[in-house]
Amino acid sequence: MSTKPRVLIVEDEIIVALFMEDVLSEFGYEVAGVVGQLDEAAAREPDYDRAVLDVHLNCRSGFD
């Protein structure tokens with residue numbers, strides 16, 4: 001079992017999501033997954049410790 005904190009990336013731009021995945025991995029985090037929509041993130045099982053959300057996700061505010 002991994003002791004690294006697991007992070008979910010919620011980002012609609014794939015290039016940005018891939019970059020974030022690389023950076024988080026370099027800083028010692030395990031990426032639990034990448035989703036492109038807020039509804040998809042909300043429906044997901046909470047198998048992660050933290051989430052990084054895009055502020056402006058698919059023309060919707062990420063603050064909901």
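In the predicted model, the residue of strand β2 that serves as the bridge partner of R6 is E30, where strands, like helices, are DSSP runs numbered from the N terminus (E, at least two residues, for a strand; H or I, at least four residues, for a helix). Strands β1 and β2 run parallel and are joined by 5 bridges, and two strands are taken to pair if DSSP finds at least two bridges between them. The model is a predicted one, in which local features need pLDDT of at least 70 and side-chain atom pairs count only at pLDDT 80 or more, while totals for chains, interfaces and linings use all residues. Residues are numbered from 1 along each chain as its sequence is written, and side-chain values use heavy atoms, with hydrogens and water left out.

The side chains of E30 and R6 also meet in a salt bridge, with a distance of 2.6 Å from N to O, the term being used for a side-chain nitrogen of Lys or Arg within 4 Å of a carboxyl oxygen of Asp or Glu. This pair links distant parts of the chain, since E30 belongs to strand β2 (residues 30-35) and R6 to strand β1, 24 residues apart. A second salt bridge connects R6 with D47, and here the closest N and O atoms are 3.5 Å apart. Distant parts of the chain are again linked, with R6 in strand β1 and D47 in the loop between α2 (38-43) and β3 (50-53), 41 residues apart. D47 in turn meets the side chain of R44 in a salt bridge of 3.2 Å, N to O. R6, E30, R44 and D47 are thus linked in a network of salt bridges, and a search of the whole structure finds 3 salt bridges.

The accessibility of these four residues was described with three classes: buried means under 20% relative accessible area, exposed means over 50%, and partly exposed lies in between (1.4 Å probe, protein chains only). R6 is partly exposed because its relative accessible area is 23%, and E30 is partly exposed at 26%. R44, at 25% relative accessibility, also counts as partly exposed, as does D47 with a relative accessible area of 35%. Strand β1, to which R6 belongs, is mostly covered, as 4 of its 5 residues are buried.

Within strand β2 lies G33, which counts as buried because its relative accessibility is 15%. When neighbours within four places in sequence are left aside, G33 is in contact (heavy atoms within 4.5 Å) with V7, L8, I9 and R44. G33 and A17 are 16 residues apart in sequence, and their C-alpha atoms are 9.9 Å apart in space.

Beyond strand β1, E11 has its place in the loop between β1 (6-10) and α1 (14-26). E11 counts as buried because its relative accessibility is 9%. Not counting residues up to four places away in sequence, E11 touches V16, A17, M20, V35, G36, D54 and L57. A polar atom of the E11 side chain lies 2.9 Å from the backbone nitrogen of E13.

A contrasting environment is found for I14, whose place is in helix α1. I14 is exposed because its relative accessible area is 55%. Together with I15 and L18, I14 makes a nonpolar surface patch of about 320 Å²; such patches are made of residues with over 30% relative accessible area and no salt bridge, nonpolar side chains (Val, Leu, Ile, Met, Phe, Trp, Tyr) being joined within 5 Å and like charges within 9 Å.

For the protein as a whole, 2 helices and 5 strands were found, and along the sequence they follow the pattern β-α-β-α-β-β-β. Of the 64 residues of the protein, 27% count as buried. The accessible surface comes to about 4600 Å², of which 55% belongs to carbon and sulfur atoms, with areas taken from the Shrake-Rupley method with a 1.4 Å probe and, for residues, only the protein chains shown counted as cover. Among the contacts with a separation of 6 or more, 59% are accounted for by residues 24 or more positions apart.

Terms used. Polar contact = N/O pair within 3.5 Å; in protein donor to acceptor, adjacent residues only side chain to side chain.
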